[in-house]
Amino acid sequence: MNKGRLIVISGFSGAGKGTVVKRLIEKYDYSLSISATTRKPREGEVDGKDYYFKTEAEFKSLIDYNGLIEWAQYVENFYGTPRKFVEDEIAAGKNVILEIEVQGAMNIKAQYPNAILIFITTKDIDTLRDRLVSRGTETPEVIEKRIKRAAEEASSMEQYEFIVVNDDLETCVDAVNSVVVSEACRKENCTQFLIDIKKQLEEV
């Protein structure tokens, strides 16, 4: 059985990466790695489905026991990726999506060089600000923090292999899936297939 691929999706807060990821799960056959976080649940979010909501002490315990592939602090909260689920799914041949911040993405790439890094962005800063405001979940001060963080993250965009603009949801979702499919077709990712088919042809 071929191993699955790790797909890292990052993006500016407000760019809609969470919505893109949910649609990818619905429309295509992906497995979603659920992150652990110390932030409070938003309305409608469920522990163990949207995030594993942890206290700071619980989160730091996961760090100490190497239970996270990566972790980072973002706008006063901690986020991290539990290790066991990701590695079990990849071994079972599933493509796993990680929706994580830039800092975490770089840590993932260092550990998993074959991971596919995709950055989701809005078409411009005005659209980004409008989406943050329309969520109605943060104060103006937090929104400004997120805008400033986006300015910092912009310098890291060039470290991603793929940049996808989320102007139309379905177009964005299909573009992300096309990236993953095309990566699976690369010659270097089909080594075992090439060996097998050559062997079969030799036996004809």
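The lining of the largest pocket in this predicted model divides into twelve nonpolar, twelve polar and 16 charged residues. The volume of this pocket is about 990 Å³. Of the 40 residues that line the pocket, Gly18, Thr19, Arg42, Tyr51 and Glu99 are the closest to its centre. As for secondary structure, two or more lining residues come from each of helix 1 (17-27), strand 5 (68-74), strand 6 (77-82) and helix 5 (125-135). Helix 1 makes the greatest contribution to this lining, with five residues.

I turn next to the second largest pocket. The space in the second largest pocket amounts to about 750 Å³. Its lining consists of 27 residues, and those closest to the centre are Asn2, Lys3, Gly4, Arg5 and Asn189. Here the lining residues divide into twelve nonpolar, nine polar and six charged. Which helices each supply at least two residues of this lining? They are helix 3 (83-91), helix 7 (169-184) and helix 8 (191-202). Helix 7 provides the largest share, four residues.

As general background to both pockets, rolling a probe the size of a water molecule over the atoms shows where empty space is left.

Allow me to move to the strands, beginning with strand 8, which covers residues 116-121. Why may strand 8 be described as largely enclosed by the rest of the structure? Six of its six residues are buried, so the rest of the structure largely encloses this strand. Burial here means a relative accessible area under 20%. Both faces of strand 8 are covered. On one side Ile116, Ile118 and Ile120 are buried, and on the other Leu117, Phe119 and Thr121 are buried.

Strand 8 also has pairing partners. In general, strands of a sheet pair through backbone hydrogen bonds, either parallel or antiparallel. Strand 1 (residues 6-11) runs parallel to strand 8, and five bridges join the two. Within that pairing, Ile9 has Ile118 of strand 8 as its bridge partner. Strand 8 pairs with strand 9 (residues 162-165) as well, in the parallel sense and over four bridges. In this case Ile120 has Val164 of strand 9 as its bridge partner. Ile118 and Ile120, the two strand 8 residues just named, are both on one side of the strand and buried.

There is also an open sheet of four strands, with the order 4-3-6-5 and mixed pairing. Its edge strands are strand 4 (52-53) and strand 5, each of which pairs on one side only. Strand 4 pairs with strand 3 (residues 36-37) in the parallel sense, over two bridges. In that pair, Tyr52 of strand 4 stands opposite Ala36. Helix 2 (residues 56-64) packs on the sheet and touches strand 3, strand 4, strand 5 and strand 6. The direction of helix 2 makes about 140° with that of strand 5. Two strands of this sheet, strand 5 and strand 6, are also among the elements that give two or more residues to the lining of the largest pocket.

I close with a single residue, Glu153, in helix 6 (residues 140-154). Is Glu153 buried or exposed? Glu153 counts as buried because its relative accessibility is 3%, and the cut-off for burial is under 20%. Leaving aside residues up to four places away in sequence, Glu153 touches Gly11, Phe12, Tyr74, Glu101 and Val102.

Technical notes: Residues are numbered from 1 along each chain as its sequence is written. This is a predicted model: local features need pLDDT of at least 70, side-chain atom pairs count only at pLDDT 80 or more; totals for chains, interfaces and linings use all residues. Side-chain values use heavy atoms; hydrogens and water are left out. Buried means under 20% relative accessible area, exposed over 50%, partly exposed in between (1.4 Å probe, protein chains only). Contact means heavy atoms within 4.5 Å. On a 1 Å grid over the protein atoms alone, a cavity is a set of points where a 1.4 Å probe fits but cannot get out, and a pocket is an open set with protein on both sides within 12 Å along at least five of seven lines; lining residues have an atom within 4 Å of a point. Grid points are joined across faces, edges and corners, and a volume is the space filled by probe spheres set on the points. Ala, Val, Leu, Ile, Met, Phe, Trp, Tyr, Cys and Pro count as nonpolar, Asp, Glu, Lys and Arg as charged, and the others, Gly among them, as polar. Two strands pair if DSSP finds at least two bridges between them. Axes are lines fitted to C-alpha atoms, for helices over the stretch in contact, and angles run from 0 to 180 degrees between N-to-C directions.
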